[in-house]
Amino acid sequence: MPIYLDNNATTPLDPRVKDAMLPALESHFGNPASNTHAYGWYAAELVEIARENVARCIGANPKEIVFTSSATESINLALKGFCFHNYRSTGIKSKLITIPTEHKATLDTGYAMDSWTTDLKLIPVDRNGFIDKDRLDDELKEDKPCIFSISLANNEIGTIQNVKELVSQIKNKRPQTIAHVDASQAVGKMIVDVKELNVDLLSFSAHKIYGPKGSAALYINKDAALRLEPLLHGGSHEHGLRAGTLNVAGIVGFGKAAELVSIELDTDIKRIKTLTQSFFTTLKSQCSTLILNGPGIDGRLPGNLNLLTPGVRNVDLISRLSSKIAFSISSACTSHSKKPSHVLEAIGLTETEQRESFRIGVGKFTTQSELDSAAKLFAEAISDLS
Ligand code: PLP
(Lines give C-alpha, C1' and ligand atoms only; values in the text may rest on other atoms or scores of the structure.)
Protein backbone atom coordinates (compact mmCIF):
# COMPACT_ATOMS: atom_id res chain seq x y z
CA MET A 1 0.00 0.00 0.00
CA PRO A 2 1.13 3.60 -0.59
CA ILE A 3 2.68 5.69 2.20
CA TYR A 4 -0.27 7.18 4.08
CA LEU A 5 -0.06 10.99 4.21
CA ASP A 6 -3.74 11.90 4.42
CA ASN A 7 -4.23 12.01 8.18
CA ASN A 8 -6.46 15.11 7.98
CA ALA A 9 -9.03 13.02 6.07
CA THR A 10 -8.95 10.15 8.53
CA THR A 11 -6.48 8.30 10.73
CA PRO A 12 -5.70 4.59 10.96
CA LEU A 13 -7.22 2.66 13.86
CA ASP A 14 -4.79 2.44 16.78
CA PRO A 15 -4.35 -1.31 17.53
CA ARG A 16 -5.05 -0.58 21.23
CA VAL A 17 -8.39 0.93 20.19
CA LYS A 18 -9.24 -2.15 18.15
CA ASP A 19 -8.42 -4.41 21.12
CA ALA A 20 -10.66 -2.32 23.38
CA MET A 21 -13.53 -2.56 20.88
CA LEU A 22 -13.51 -6.32 20.34
CA PRO A 23 -15.36 -7.33 23.54
CA ALA A 24 -18.16 -4.89 22.65
CA LEU A 25 -18.53 -6.61 19.26
CA GLU A 26 -18.40 -10.12 20.73
CA SER A 27 -19.50 -11.04 24.25
CA HIS A 28 -20.74 -7.61 25.41
CA PHE A 29 -23.20 -7.06 22.59
CA GLY A 30 -26.13 -5.88 24.75
CA ASN A 31 -28.24 -2.84 24.10
CA PRO A 32 -27.28 -0.21 26.70
CA ALA A 33 -30.94 0.82 26.92
CA SER A 34 -31.95 -2.72 28.08
CA ASN A 35 -32.15 -2.18 31.81
CA THR A 36 -33.61 -5.56 32.77
CA HIS A 37 -30.53 -7.79 32.36
CA ALA A 38 -26.75 -8.01 32.62
CA TYR A 39 -26.12 -7.69 28.87
CA GLY A 40 -27.71 -4.26 28.89
CA TRP A 41 -26.13 -3.22 32.19
CA TYR A 42 -22.68 -4.16 30.99
CA ALA A 43 -23.06 -2.36 27.65
CA ALA A 44 -24.35 0.73 29.48
CA GLU A 45 -21.34 0.62 31.78
CA LEU A 46 -18.96 0.45 28.79
CA VAL A 47 -20.67 3.49 27.28
CA GLU A 48 -20.36 5.47 30.52
CA ILE A 49 -16.65 4.64 30.88
CA ALA A 50 -16.14 5.83 27.30
CA ARG A 51 -18.14 8.98 28.02
CA GLU A 52 -15.80 9.80 30.93
CA ASN A 53 -12.74 9.43 28.71
CA VAL A 54 -14.24 11.44 25.86
CA ALA A 55 -15.23 14.20 28.31
CA ARG A 56 -11.83 14.21 30.02
CA CYS A 57 -9.90 14.72 26.79
CA ILE A 58 -11.68 18.07 26.19
CA GLY A 59 -11.97 19.12 29.86
CA ALA A 60 -15.74 18.50 29.99
CA ASN A 61 -18.08 16.79 32.42
CA PRO A 62 -19.39 13.37 31.20
CA LYS A 63 -22.96 14.70 31.52
CA GLU A 64 -22.13 17.28 28.85
CA ILE A 65 -21.34 14.69 26.15
CA VAL A 66 -23.87 13.48 23.57
CA PHE A 67 -22.70 10.69 21.28
CA THR A 68 -23.45 10.99 17.57
CA SER A 69 -22.46 9.15 14.39
CA SER A 70 -20.04 11.74 13.01
CA ALA A 71 -18.77 15.26 13.51
CA THR A 72 -21.06 16.17 10.62
CA GLU A 73 -24.03 15.03 12.68
CA SER A 74 -22.72 16.87 15.78
CA ILE A 75 -22.40 20.08 13.79
CA ASN A 76 -25.91 19.62 12.35
CA LEU A 77 -27.28 19.04 15.85
CA ALA A 78 -25.53 22.15 17.18
CA LEU A 79 -26.53 24.51 14.37
CA LYS A 80 -29.94 23.19 13.35
CA GLY A 81 -30.72 22.31 16.97
CA PHE A 82 -30.26 25.96 17.99
CA CYS A 83 -31.96 27.56 14.97
CA PHE A 84 -34.92 25.13 14.94
CA HIS A 85 -35.44 25.62 18.68
CA ASN A 86 -35.69 29.40 18.27
CA TYR A 87 -37.87 29.15 15.22
CA ARG A 88 -40.26 26.74 16.88
CA SER A 89 -40.49 28.58 20.19
CA THR A 90 -40.59 32.18 18.91
CA GLY A 91 -41.00 32.07 15.13
CA ILE A 92 -37.87 34.23 14.93
CA LYS A 93 -35.02 33.46 12.55
CA SER A 94 -31.62 33.02 14.18
CA LYS A 95 -28.41 34.37 12.87
CA LEU A 96 -25.62 31.91 12.11
CA ILE A 97 -22.24 33.61 11.90
CA THR A 98 -19.37 31.62 10.47
CA ILE A 99 -16.52 31.88 7.95
CA PRO A 100 -16.18 30.69 4.33
CA THR A 101 -13.25 28.35 5.10
CA GLU A 102 -15.36 26.09 7.32
CA HIS A 103 -15.87 22.42 6.55
CA LYS A 104 -18.90 21.64 4.35
CA ALA A 105 -20.63 20.15 7.40
CA THR A 106 -20.99 23.71 8.68
CA LEU A 107 -21.39 25.61 5.41
CA ASP A 108 -23.92 23.26 3.84
CA THR A 109 -25.93 23.17 7.08
CA GLY A 110 -25.96 26.96 7.01
CA TYR A 111 -27.01 27.07 3.34
CA ALA A 112 -29.77 24.51 3.99
CA MET A 113 -31.27 26.68 6.74
CA ASP A 114 -30.57 30.08 5.17
CA SER A 115 -33.63 32.29 4.61
CA TRP A 116 -35.82 29.66 6.28
CA THR A 117 -35.01 29.41 9.98
CA THR A 118 -31.73 31.22 9.74
CA ASP A 119 -29.83 34.18 8.32
CA LEU A 120 -26.39 32.94 7.36
CA LYS A 121 -23.53 35.44 7.63
CA LEU A 122 -20.07 34.57 6.34
CA ILE A 123 -17.31 36.77 7.74
CA PRO A 124 -14.30 37.10 5.42
CA VAL A 125 -10.90 35.67 6.32
CA ASP A 126 -7.41 36.93 5.51
CA ARG A 127 -4.73 35.27 3.37
CA ASN A 128 -3.87 32.88 6.22
CA GLY A 129 -7.46 31.98 6.98
CA PHE A 130 -7.92 34.14 10.11
CA ILE A 131 -11.33 35.69 10.70
CA ASP A 132 -11.80 39.46 10.31
CA LYS A 133 -12.61 40.45 13.92
CA ASP A 134 -13.96 43.90 13.04
CA ARG A 135 -16.52 42.39 10.70
CA LEU A 136 -17.45 39.95 13.46
CA ASP A 137 -18.16 42.91 15.74
CA ASP A 138 -20.39 44.48 13.08
CA GLU A 139 -22.44 41.30 12.73
CA LEU A 140 -23.11 41.16 16.47
CA LYS A 141 -24.94 44.50 16.50
CA GLU A 142 -28.33 43.17 15.40
CA ASP A 143 -30.72 42.01 18.11
CA LYS A 144 -31.49 38.42 17.11
CA PRO A 145 -30.78 34.99 18.61
CA CYS A 146 -27.31 34.24 17.37
CA ILE A 147 -24.95 31.28 17.06
CA PHE A 148 -21.31 31.69 16.14
CA SER A 149 -19.56 28.64 14.68
CA ILE A 150 -15.90 28.28 13.83
CA SER A 151 -13.28 25.54 13.50
CA LEU A 152 -10.52 25.59 16.05
CA ALA A 153 -8.19 24.27 13.35
CA ASN A 154 -8.85 24.30 9.62
CA ASN A 155 -8.79 20.92 7.88
CA GLU A 156 -7.15 22.15 4.66
CA ILE A 157 -4.71 24.90 5.60
CA GLY A 158 -4.19 24.27 9.32
CA THR A 159 -5.19 27.76 10.52
CA ILE A 160 -5.65 27.78 14.30
CA GLN A 161 -8.17 30.43 15.28
CA ASN A 162 -7.85 32.19 18.63
CA VAL A 163 -11.18 30.78 19.81
CA LYS A 164 -10.76 31.95 23.41
CA GLU A 165 -10.38 35.56 22.28
CA LEU A 166 -13.21 35.28 19.73
CA VAL A 167 -15.61 33.83 22.29
CA SER A 168 -14.78 36.59 24.73
CA GLN A 169 -15.35 39.15 21.95
CA ILE A 170 -18.80 37.77 21.12
CA LYS A 171 -19.85 37.20 24.74
CA ASN A 172 -18.81 40.75 25.70
CA LYS A 173 -20.79 42.21 22.86
CA ARG A 174 -23.79 39.85 22.99
CA PRO A 175 -23.74 37.62 26.09
CA GLN A 176 -26.62 35.39 24.90
CA THR A 177 -24.76 34.32 21.75
CA ILE A 178 -24.02 30.61 21.61
CA ALA A 179 -20.47 29.66 20.62
CA HIS A 180 -19.99 26.42 18.70
CA VAL A 181 -16.55 25.08 17.83
CA ASP A 182 -15.72 22.42 15.28
CA ALA A 183 -12.71 20.78 16.90
CA SER A 184 -12.58 17.78 14.54
CA GLN A 185 -9.04 18.56 13.43
CA ALA A 186 -7.82 20.04 16.71
CA VAL A 187 -8.47 17.26 19.23
CA GLY A 188 -5.41 15.02 19.44
CA LYS A 189 -3.14 17.63 17.86
CA MET A 190 -3.40 20.47 20.37
CA ILE A 191 -4.78 21.07 23.85
CA VAL A 192 -8.56 21.49 23.68
CA ASP A 193 -10.30 22.55 26.90
CA VAL A 194 -13.93 23.59 26.66
CA LYS A 195 -13.88 25.51 29.94
CA GLU A 196 -10.71 27.38 29.01
CA LEU A 197 -12.16 28.25 25.59
CA ASN A 198 -15.51 29.12 27.23
CA VAL A 199 -17.49 27.55 24.38
CA ASP A 200 -21.07 26.27 24.65
CA LEU A 201 -20.93 23.52 22.02
CA LEU A 202 -18.03 21.57 20.53
CA SER A 203 -17.97 18.83 17.89
CA PHE A 204 -15.33 16.19 17.28
CA SER A 205 -14.97 12.76 15.78
CA ALA A 206 -13.28 9.46 16.71
CA HIS A 207 -11.87 8.74 13.27
CA LYS A 208 -9.59 11.79 13.38
CA ILE A 209 -7.92 10.57 16.60
CA TYR A 210 -7.12 6.96 15.62
CA GLY A 211 -10.56 5.73 16.64
CA PRO A 212 -13.26 4.09 14.50
CA LYS A 213 -15.47 5.77 11.91
CA GLY A 214 -19.12 6.21 12.82
CA SER A 215 -18.57 7.59 16.30
CA ALA A 216 -18.37 11.23 17.40
CA ALA A 217 -19.63 13.62 20.05
CA LEU A 218 -21.17 16.97 20.72
CA TYR A 219 -20.16 18.73 23.93
CA ILE A 220 -23.17 20.70 25.21
CA ASN A 221 -22.97 22.95 28.27
CA LYS A 222 -25.92 23.61 30.60
CA ASP A 223 -27.03 26.83 28.87
CA ALA A 224 -26.92 25.38 25.37
CA ALA A 225 -28.74 22.18 26.41
CA LEU A 226 -31.86 24.25 27.09
CA ARG A 227 -31.65 25.89 23.67
CA LEU A 228 -31.33 22.85 21.37
CA GLU A 229 -34.01 20.96 19.46
CA PRO A 230 -33.14 17.30 18.79
CA LEU A 231 -32.86 16.28 15.13
CA LEU A 232 -33.63 12.60 15.69
CA HIS A 233 -36.74 11.53 17.58
CA GLY A 234 -37.58 8.02 18.74
CA GLY A 235 -36.43 7.55 22.32
CA SER A 236 -34.92 9.35 25.26
CA HIS A 237 -31.35 8.32 24.51
CA GLU A 238 -28.58 10.84 25.15
CA HIS A 239 -30.62 13.12 27.45
CA GLY A 240 -33.39 13.23 24.81
CA LEU A 241 -31.10 15.00 22.36
CA ARG A 242 -30.21 12.12 20.04
CA ALA A 243 -32.55 9.15 19.71
CA GLY A 244 -31.32 5.78 18.47
CA THR A 245 -29.59 2.72 19.90
CA LEU A 246 -26.01 3.59 20.72
CA ASN A 247 -23.12 2.30 18.62
CA VAL A 248 -21.49 0.64 21.64
CA ALA A 249 -18.34 -0.70 19.93
CA GLY A 250 -17.80 2.61 18.16
CA ILE A 251 -18.27 4.53 21.40
CA VAL A 252 -15.91 2.20 23.28
CA GLY A 253 -13.31 2.75 20.54
CA PHE A 254 -13.86 6.51 20.74
CA GLY A 255 -13.39 6.33 24.53
CA LYS A 256 -10.12 4.43 24.19
CA ALA A 257 -8.84 6.81 21.49
CA ALA A 258 -9.76 9.78 23.73
CA GLU A 259 -8.01 8.18 26.71
CA LEU A 260 -4.86 7.81 24.59
CA VAL A 261 -5.11 11.48 23.57
CA SER A 262 -5.17 12.49 27.24
CA ILE A 263 -2.08 10.37 27.96
CA GLU A 264 0.00 10.84 24.80
CA LEU A 265 -0.90 14.29 23.47
CA ASP A 266 2.36 16.07 24.41
CA THR A 267 4.58 13.37 22.92
CA ASP A 268 2.46 13.10 19.77
CA ILE A 269 2.46 16.87 19.16
CA LYS A 270 6.25 17.13 19.51
CA ARG A 271 6.91 14.15 17.26
CA ILE A 272 4.42 15.14 14.54
CA LYS A 273 5.68 18.75 14.54
CA THR A 274 9.33 17.69 14.19
CA LEU A 275 8.54 15.19 11.40
CA THR A 276 6.42 17.68 9.46
CA GLN A 277 8.85 20.56 9.76
CA SER A 278 11.83 18.49 8.64
CA PHE A 279 9.81 17.05 5.72
CA PHE A 280 8.86 20.56 4.63
CA THR A 281 12.46 21.84 4.94
CA THR A 282 13.78 18.89 2.90
CA LEU A 283 11.17 19.30 0.17
CA LYS A 284 11.61 23.07 0.02
CA SER A 285 15.40 22.66 -0.33
CA GLN A 286 14.77 20.51 -3.41
CA CYS A 287 11.86 22.48 -4.92
CA SER A 288 12.66 26.14 -4.45
CA THR A 289 9.38 27.34 -5.99
CA LEU A 290 7.26 25.49 -3.41
CA ILE A 291 4.87 27.73 -1.43
CA LEU A 292 3.15 26.89 1.84
CA ASN A 293 -0.54 27.93 1.73
CA GLY A 294 -1.98 29.22 5.00
CA PRO A 295 -0.05 30.10 8.17
CA GLY A 296 3.71 29.55 8.52
CA ILE A 297 5.14 26.18 9.46
CA ASP A 298 5.50 27.02 13.19
CA GLY A 299 2.03 28.50 13.65
CA ARG A 300 -0.18 25.94 11.95
CA LEU A 301 -1.93 22.73 12.99
CA PRO A 302 0.75 20.07 13.65
CA GLY A 303 0.95 17.56 10.79
CA ASN A 304 -0.85 19.70 8.21
CA LEU A 305 0.82 21.02 5.05
CA ASN A 306 -0.91 22.64 2.09
CA LEU A 307 1.58 23.11 -0.71
CA LEU A 308 1.44 25.10 -3.90
CA THR A 309 3.70 23.96 -6.75
CA PRO A 310 3.57 26.71 -9.40
CA GLY A 311 3.29 25.24 -12.89
CA VAL A 312 2.44 21.71 -11.68
CA ARG A 313 -1.21 20.66 -11.62
CA ASN A 314 -2.24 18.72 -8.51
CA VAL A 315 -4.14 16.14 -10.59
CA ASP A 316 -0.93 15.35 -12.51
CA LEU A 317 0.98 14.98 -9.27
CA ILE A 318 -1.73 12.68 -7.90
CA SER A 319 -1.85 10.48 -11.01
CA ARG A 320 1.92 10.23 -11.01
CA LEU A 321 2.23 9.40 -7.28
CA SER A 322 -1.02 7.79 -6.14
CA SER A 323 0.38 4.26 -6.28
CA LYS A 324 3.20 5.30 -3.94
CA ILE A 325 1.82 8.08 -1.71
CA ALA A 326 -1.73 8.66 -0.41
CA PHE A 327 -2.31 12.42 -0.19
CA SER A 328 -5.12 14.71 -1.27
CA ILE A 329 -6.10 17.77 -3.23
CA SER A 330 -8.36 19.26 -0.56
CA SER A 331 -10.75 17.90 2.02
CA ALA A 332 -12.18 14.40 1.47
CA CYS A 333 -15.70 15.85 1.78
CA THR A 334 -15.21 18.24 -1.14
CA SER A 335 -13.32 15.81 -3.37
CA HIS A 336 -16.42 15.22 -5.54
CA SER A 337 -17.01 18.92 -6.05
CA LYS A 338 -16.05 20.54 -9.38
CA LYS A 339 -14.50 23.51 -7.57
CA PRO A 340 -10.88 22.89 -6.59
CA SER A 341 -11.19 24.17 -3.00
CA HIS A 342 -13.58 26.64 -1.37
CA VAL A 343 -10.98 27.14 1.38
CA LEU A 344 -8.14 28.15 -0.95
CA GLU A 345 -10.59 30.31 -2.88
CA ALA A 346 -11.66 32.09 0.33
CA ILE A 347 -8.06 32.94 1.26
CA GLY A 348 -7.59 34.51 -2.17
CA LEU A 349 -5.81 31.91 -4.30
CA THR A 350 -6.59 32.05 -8.02
CA GLU A 351 -8.24 29.04 -9.63
CA THR A 352 -4.90 28.12 -11.21
CA GLU A 353 -3.17 28.27 -7.83
CA GLN A 354 -5.92 26.14 -6.33
CA ARG A 355 -5.34 23.55 -9.07
CA GLU A 356 -1.63 23.57 -8.23
CA SER A 357 -2.10 22.96 -4.50
CA PHE A 358 -2.27 19.75 -2.52
CA ARG A 359 -2.59 18.67 1.10
CA ILE A 360 -0.38 16.42 3.19
CA GLY A 361 -1.36 15.12 6.62
CA VAL A 362 1.32 13.57 8.83
CA GLY A 363 0.05 11.40 11.67
CA LYS A 364 1.33 9.66 14.77
CA PHE A 365 2.05 6.44 12.89
CA THR A 366 4.00 8.20 10.09
CA THR A 367 7.70 7.27 10.22
CA GLN A 368 10.82 9.25 9.35
CA SER A 369 11.76 6.74 6.65
CA GLU A 370 8.30 7.08 5.02
CA LEU A 371 8.75 10.84 4.93
CA ASP A 372 12.26 10.54 3.52
CA SER A 373 10.93 8.36 0.67
CA ALA A 374 7.93 10.67 0.14
CA ALA A 375 10.13 13.80 -0.04
CA LYS A 376 12.31 12.12 -2.69
CA LEU A 377 9.28 11.01 -4.73
CA PHE A 378 7.61 14.44 -4.54
CA ALA A 379 10.83 16.25 -5.50
CA GLU A 380 11.36 13.98 -8.55
CA ALA A 381 7.74 14.27 -9.67
CA ILE A 382 7.61 18.06 -9.23
CA SER A 383 10.85 18.47 -11.17
CA ASP A 384 9.66 16.18 -14.01
CA LEU A 385 6.24 17.87 -14.25
CA SER A 386 7.55 21.47 -14.06
N1 PLP B 1 -15.13 19.25 10.42
C2 PLP B 1 -13.85 19.17 10.03
C3 PLP B 1 -12.94 20.33 10.27
C4 PLP B 1 -13.38 18.01 9.40
O5 PLP B 1 -12.12 17.95 9.00
C6 PLP B 1 -14.29 16.94 9.20
C7 PLP B 1 -13.85 15.72 8.48
O8 PLP B 1 -13.11 15.78 7.53
C9 PLP B 1 -15.61 17.09 9.64
C10 PLP B 1 -15.99 18.25 10.24
C11 PLP B 1 -16.61 15.98 9.45
O12 PLP B 1 -16.28 14.92 10.28
P13 PLP B 1 -16.99 13.49 10.11
O14 PLP B 1 -16.22 12.80 9.03
O15 PLP B 1 -16.84 12.84 11.44
O16 PLP B 1 -18.39 13.74 9.74
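This report covers a ligand site and one helix pair in a predicted model.

## Ligand shell

Twelve positions need listing here: the ligand is surrounded by S70, A71, T72, I75, H103, N155, D182, S184, Q185, S205, H207 and K208. By class, the shell holds eight polar residues, two nonpolar ones and two charged ones. Helix α3, which spans residues 71-90, contributes the most to this shell, with three residues.

## Polar contacts and cover

Three side chains of the shell can be described by their distances to ligand atoms. For D182, a side-chain N or O atom is 2.6 Å from a nitrogen atom of the ligand. In the case of H207, the distance from a side-chain N or O atom to a ligand oxygen atom is 2.9 Å. K208 places a polar side-chain atom 2.5 Å from an oxygen atom of the ligand.

On its own the ligand has 390 Å² of accessible area, and the protein covers 92% of this.

## Packing of α2 and α9

Helix α2 covers residues 38-56 and helix α9 residues 248-286. Their axes are 8 Å apart, and the two helices pack at an angle of about 35°. The crossing is left-handed.

On the α2 side, the contact is made by A43, L46, V47, A50, N53, V54 and R56. From α9, the contributing residues are V248, I251, V252, F254, G255, A258, E259 and S262. Sorted by class, the residues of this contact comprise ten nonpolar, three polar and two charged.

How values were computed. Residues are numbered from 1 along each chain as its sequence is written. This is a predicted model: local features need pLDDT of at least 70, side-chain atom pairs count only at pLDDT 80 or more; totals for chains, interfaces and linings use all residues. Side-chain values use heavy atoms; hydrogens and water are left out. Axes are lines fitted to C-alpha atoms, for helices over the stretch in contact, and angles run from 0 to 180 degrees between N-to-C directions. Helices (H or I, at least four residues) and strands (E, at least two) are DSSP runs, numbered from the N terminus. A crossing is left-handed if the near helix is turned anticlockwise from the far one by less than a right angle, and right-handed if clockwise. Contact means heavy atoms within 4.5 Å. Ala, Val, Leu, Ile, Met, Phe, Trp, Tyr, Cys and Pro count as nonpolar, Asp, Glu, Lys and Arg as charged, and the others, Gly among them, as polar. A residue is near a molecule or strand if one of its heavy atoms lies within 4 Å of it. A polar contact is a pair of N or O atoms within 3.5 Å; within protein, one must be able to donate a hydrogen and the other to accept it, and residues adjacent in sequence count only if both atoms are side-chain atoms. Accessible areas come from the Shrake-Rupley method with a 1.4 Å probe; for residues, only the protein chains shown count as cover.
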